Each structure stands twice: as C-alpha cells, then as structure tokens.
Amino acid sequence: MERPLEATRLESSTSSCFLMERKTHVKINRKQIMLAKLRKSCSCTPRKLKNLVMDFFPVLRWLPKYQCKEYIWGDIMSGLVIGIILVPQAIAYSLLAGLKPIYSLYTSFFANIIYFLMGTSRHVSVGIFSLISLMVGQVVDRELLLAGSLPSVLNYVQHKFKAHLFFFLSSQVLMGIFRLGFVSMYLSESMLDGFATGASLTILTAQVKYLIGIKIPRSQGQGMLVITWINIFQNISQANLCDVITSAICIVVLVTAKELGDRYKHKLKFPLPTELVVIVVATLVSHYGNLNEVYASSVSGVIPTGFIPPKVPCFDLMLRVAVDALPLAIVSFAFTVSLSEMCAKKYAYTIRANQEMFAVGFCNIIPSFFHSFATSAALAKTLVKTSTGCQTQVSGVISAMVVLLVLLFLAPLFYSLQKCVLACIIIVSLRGALRKFRDVPVRYHVNKVDTLVWVITMSASALISTEIGLLVGIVFSMLCIIVRTQRPRTALLGQIQNTSFYEDDLEYKNLSSVPKVKIFRFEAPLYYANRNYFLKSLYRLTDLDPNLEAARRKKYEKKEQQQPKKGDHTTANGLDMGETTVQLVPKQIDFQAIVVDCSSISFLDTTGVNTLKEILKDYKELNISVLLACCNPSVIDSLKRGGYFGKDFGSMQELLFYSIHNAVQFAKDLNLSADCSGVYGFSLVLISSEVSFT
C-alpha cells in the first residue's frame with residue numbers, strides 16, 4: 001500500500017505556497033530480515049571464522065602492523081614505569097582486599113598479559129584498582145566472619161573468593177555476548193565521580209588503623225565509615241608511636257614528590273618512582289632497625305616466590321556471592337570503558353565496548369585459577385601510561401615482565417616492609433578523588449542537578465556502603481532524567497522585531513507580541529508522565545482554561561434562560577428583590593489562535609497524541625485555532641497514526657507548519673469574525689444592591 005502524501009504548508013517571503021512531500025518508504029519485512037541475520041550468523045565459512053577469531057583477539061590485527069622503530073621505545077619506557085609503580089601498589093592494595101600481597105602481584109601479572117591479547121584500548125592500564133580492591137575486601141572480611149573456626153578460614157575464603165570471581169566473570173562475558181556495551185552510557189560522569197569519591201573516603205578510613213598502628217576489627221555492612229571512626233577514637237591511646245612517626249614522614253615525602261611532579265611534569269620525561277623509593281628505603285630501615293621486634297610495628301611478612309598451583313573454583317558457592325559480583329562487574333566495566341573512550345578520543349582511534357567486556361571478563365576468569373582477584377582499568381596508571389610515551393598494548397607486556405621478576409626473585413625482600421608505609425601509599429593515591437570536593441562550587445555553578453547527583457552518590461557510598469551507593473547513584477540519576485522531562489521549561493514566545501524569528505518573552509528584551517496569537521513552547525517530549533504539566537502550563541501562560549470557559553458559558557446560558565421576566569421582583573420564597581439585578585458582562589479574549597512550537601518535542605506517545613487532540617477539540621469550541629509548528633518527522637508520523645489530521649489527512653495544511661512564522665502568518669490570514677462573539681469570558685457584576693423583604 002502506498003504511503004499517503006504528506007503535504008504541509010511552507011510559505012516564503014513572497015507569500016507563495018509550497019507543499020512539502022515526504023518520501024515513500026518501502027515497508028520493511030522485519031521477520032525476513034531477522035531470519036536472514038540468523039542464517040548469516042549461524043553459517044560458518046573460513047573467512048567468517050577468521051574474522052571471528054581476529055575480533056576476539058584484536059592483537060592479531062594490530063600486532064602485524066606494529067611499527068617497531070616508531071613505537072618500541074615509548075612502549076618500553078611506559079611499561080617499565082608502570083611495572084615499577086605496580087609493585088608497591090600491588091603490595092599496598094592487598095591491605096584493601098584483605099589478602100596476602102602475593103595475590104595482588106598475580107592479579108597484576110595476568111591482567112596485563114590477557115588485556116594485551118584481548119583489549120582494544122592502546123593506553124588503558126588494567127590490573128589492581130583501589131576501589132575494586134576495597135569492594136573485594138568487604139566480601140573477604142564477611143566470609144572470614146562466616147567461616148567461624150580458624151583452621152578452615154583460609155580454605156573457605158579461598159573457595160568463596162574464587163566462586164565470587166567466576167560469577168563476576170560470567171556477568172561481564174554474558175553482557176559482551178548479548179552486546180550490552182551500551183549500558184555504559186547510562187552511568188553518568190557525575191555519578192561515577194561521586195561514587196569514586198565516596199569510596200575513597202571509605203578506603204581512607206580503612207587505612208587509618210594501619211597509619212597509627214592500632215588493632216581494631218574491620219567493620220562490615222552499612223555504616224562502616226562511621227563505626228570505624230568511632231572505634232579509632234576509642235582506641236587512639238593504643239597507637240604505635242613508631243608507626244605514627246613513619247606514616248608522617250612517608251606522607252610528607254610522597255605528597256611533596258607528587259606536588260613537585262605535577263608542577264614540573266612538562267619538564268620530566270617520565271614520573272619519578274617515588275613509591276618504589278619510599279618502599280625500598282622504608283624496608284631497609286625496618287629491617288636493620290628491627291622495628292617489628294623492638295617497637296612491635298606491623299610488617300608485611302613472608303611473600304612467597306613463584307606461582308601457586310592452579311585450582312578450580314568451587315562452583316557450588318557461585319549463587320551465594322551473586323549479589324556481591326554484580327556491583328563489581330558494573331564498576332569494573334564502567335571505569336574500563338570510560339577510560340578507554342577517553343584515551344581513544346584523545347589519540348584518535350576507536351574502541352569496542354562489547355570487546356572490552358570480554359577483555360575485562362577474561363582478565364578475571366583465567367587469573368581466578370591462580371588465586372587472583374577482580375581487576376579493572378585504573379585511572380592513575382592510565383594517565384602515567386599516556387604521559388610516558390605509551391603507543392600500544394605492548395607496554396602492558398613489559399609491565400607484566402617487571403611484576404614477574406618480583407614474583408620469581410624479589411618478593412621475599414619485602415618481608416620487613418611496614419604496613420603503615422603501604423597505607424600511606426594508598427592514601428596519597430586518593431588525592432585526585434578527594435580533590436573533587438574542591439570542585440563542588442564550580443560543578444554547582446555549571447549544573448545544579450549534576451551536583452546533586454554527585455552529592456547523593458558520594459554520601460550514600462561513604463555513609464551506607466559502596467554497593468548501595470552505586471545503586472543509589474544509578475537510580476537517582478535516572479530519576480533526575482525523569483523529573484527533567486516531567487517538569488520541563490515552558491514559555492510564551494514573542495517576535496524578534498523585523499524578523500521571522502521568535503524567542504522566550506521572559507528571557508529577551510524588545511520582543512513584539514503577535515496580535516491575536518499566542519505562541520507556546522514545550523521543551524521536552526510529550527508523553528504520559530508530563531501530560532498534566534503540559535496542559536497546566538498551557539492554560540496558565542495563555543490565561544485560559546478551555547474547559548472552565550466552556551463550563552462558564554453553559555452556566556451563563558442556563559442563567560439567561562432562567563432569568564425572570566421584567567417587572568417580576570418576587571421570588572418563590574416571597575422575597576422582594578426590588579431593583580436588584582444580576583448581569584454577566586462579557587470579557588473579550590485577546591487571542592484567536594495558539595501556535596505550539598514543537599521543535600523541542602522529540603517524540604509523542606499515545607497519551608501525547610491524545611493530549612494534542614484534546615486541546616485541538618477544546619479550543620475549537622471557543623473558536624480558537626491550534627496550529628503545530630516545527631514538528632520532526634517522527635512526531636508527524638505519530639500524529640497521523642493517532643488520527644490527529646482526520647482519516648484522509650485533509651486538515652494537515654491548516655494544522656501543521658514547518659516554521660513558527662508560517663503558522664503565525666496563516667493565523668493572521670484566518671477570516672475570523674471581527675466581533676469574536678463566540679470568544680468571551682464572563683464576569684458577574686452586581687448592578688443594584690437594594691433588597692427589601694416582605
């Protein structure tokens with residue numbers, strides 16, 4: 001069936017009339033298309049198999065094209081720097097995860113190798129991340145409490161932890177299989193920033209006990225931050241003086257070095273390995289000063305070398321940790337994709353979000369057999385990578401080799417390293433996230449709603465829990481979007497003098513009102529949730545509710561029919577009204593047409609179409625025309641399907657216009673009655689108040 005012709009009035013400056021015709025589109029048979037895609041996807045050819053393998057392992061595409069002379073030195077330099085930074089961070093973040101340092105080293109090694117094979121970003125550094133480590137640590141601590149008896153604790157937590165990783169993997173891989181990479185679009189920057197800042201406060205709180213050397217139980221569940229600070233102040237008298245002095249010195253050195261590095265980074269070819277220097281010096285001082293034996297300072301302890309034999313996770317426990325795995329999967333993927341897109345945009349290449357899901361997922365599944373924990377892209381190391389000349393994922397292999405060297409030979413050298421030094425490294429690494437508080441005034445000035453999202457997410461993440469904070473942030477962000485469309489901006493427009501353009505009368509000066517015409521703008525889609533707001537705004541700005549006006553007319557007509565004959569002043573109750581009369585005096589309405597500016601209405605649902613049909617009918621009863629201007633094709637199609645223009649679309653030329661000015665010109669040309677006798681409101685006027693009683 002051929003599509004009906006859409007003819008819409010478009011008037012030029014010479015008042016000649018043109019008809020805009022929509023193209024006729026061939027009807028698509030979606031069933032056939034789906035079957036064709038299914039047959040294509042199920043077919044197996046050598047070429048298709050090759051593309052499938054190369055898509056799953058992007059390294060096969062870019063590595064043969066690797067420009068060694070141009071890229072190799074930048075990759076080696078950035079790989080060495082990241083590897084040197086990874087070692088102290090891996091050992092430090094083991095405190096957050098509640099695991100031994102060797103597990104963090106395993107995680108860093110395997111994640112870099114796997115992302116080299118499967119990742120699509122050239123610059124992202126994937127491995128241990130403070131926020132992920134914190135979320136993992138909360139699960140580990142809970143399982144330690146559930147384990148009960150001490151002999152079974154290690155085995156129990158190990159199996160629970162691996163099952164947790166497997167479920168974490170399955171979430172991300174399934175998202176990749178079903179092409180759900182687009183979900184990252186729904187995680188706003190304000191929400192992610194607030195979540196990271198709130199989690200940073202939790203991380204800082206968890207490390208304070210190591211800074212001052214006190215032993216307090218690690219709080220679990222909701223309100224962890226508040227409970228931990230209460231325990232800290234209650235046990236502050238037990239602080240270890242050696243740890244306090246060491247922490248103060250390390251923080252001063254680390255912060256000073258970081259500030260100087262930020263100030264003179266344009267002069268430095270690569271960042272100073274301050275963390276490594278601090279760890280080496282602190283380890284030597286602790287070892288030769290016998291700080292553990294003399295001052296009871298807590299140290300890292302034995303870090304074994306080599307690889308522990310792989311072990312299959314316990315699948316029976318997967319369902320029990322599903323709730324913990326979901327927020328981990330979301331956070332890990334969100335940060336990885338966000339950083340990947342940021343780097344891709346900066347260096348002019350593209351990434352594939354679904355492939356990033358596979359890459360991060362397999363960065364968890366394979367290492368889970370080797371006692372590793374959850375991984376993600378890390379902002380700080382990614383920025384270091386880009387600043388040290390990284391060109392491709394080859395730098396990740398170099399970093400993995402540095403970690404491997406430590407795993408095989410150097411790990412035992414860190415036996416005497418104080419835990420307070422590791423805590424200092426973690427806390428100083430939070431500088432970027434904690435500085436977000438300083439940006440709140442600027443953020444508030446730019447966008448108040450985004451600031452509210454940031455504050456709500458940050459507060460929930462810090463004061464309740466990280467998982468609930470993530471959920472609160474996502475839900476609140478969605479609610480903000482809904483509220484924005486439920487109560488959008490509305491305005492009456494005036495004409496810019498001597499032009500064919502119209503703008504908000506409240507925002508601009510020297511606009512001319514159009515005689516007998518009201519121009520109404522609604523800046524949102526019109527759908528079921530904002531229908532009432534649309535009507536209320538229209539009635540308020542035009543100062544006319546057609547339903548009330550119609551009711552007032554009927555009441556007037558009824559009273560006019562019941563008006564007592566002249567000279568009859570006695571009512572049924574015997575009251576003599578004397579000269580008292582009641583008269584309804586008509587008040588002329590000052591417009592004859594309403595032009596609805598639909599340029600900001602992106603779509604209409606069934607309720608939206610019915611709303612426009614309703615106002616068209618209601619105002620027509622008052623002899624007021626309703627004209628639609630600047631409708632996009634999808635809105636026009638919705639109106640046609642909803643019967644707004646009638647069955648034969650004969651009224652389209654008189655109801656639909658491609659610009660506000662065309663609609664205004666058409667309204668001016670309407671042959672409305674000069675006296676506008678049908679367009680009146682009414683006022684009740686008391687002519688005489690003389691009343692007599694008989």
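Biologist: How many bridges join strand β5 (residues 490-496) to β8?
Modeller: The two strands run antiparallel. Strands are DSSP runs of E with at least two residues, and helices are runs of H or I with at least four, numbered from the N terminus. Two strands pair if DSSP finds at least two bridges between them. For β5 and β8, the bridges number 3.

Biologist: What kind of model is this?
Modeller: Residues are numbered from 1 along each chain as its sequence is written, and side-chain values use heavy atoms, without hydrogens or water. Local features need pLDDT of at least 70, side-chain atom pairs count only at pLDDT 80 or more, totals for chains, interfaces and linings use all residues, and the model is predicted.

Biologist: Which residue of β8 stands opposite Leu492, and which residue of β10 is the bridge partner of Arg521?
Modeller: β8 also pairs with strand β10 (residues 591-597), in the parallel sense over 6 bridges. Opposite Leu492 stands Phe520. The partner of Arg521 in β10 is Asp597.

Biologist: Why is β8 (residues 516-522) largely enclosed?
Modeller: Buried means under 20% relative accessible area, exposed over 50%, and partly exposed in between, with a 1.4 Å probe and protein chains only. The rest of the structure largely encloses β8, because the buried share of its 7 residues is 6.

Biologist: At what angle do helix α5 (residues 101-118) and helix α14 (residues 353-368) cross?
Modeller: Axes are lines fitted to C-alpha atoms over the stretch in contact (heavy atoms within 4.5 Å), and angles run from 0 to 180 degrees between N-to-C directions. The two axes come within 9 Å. They cross at roughly 145 degrees.
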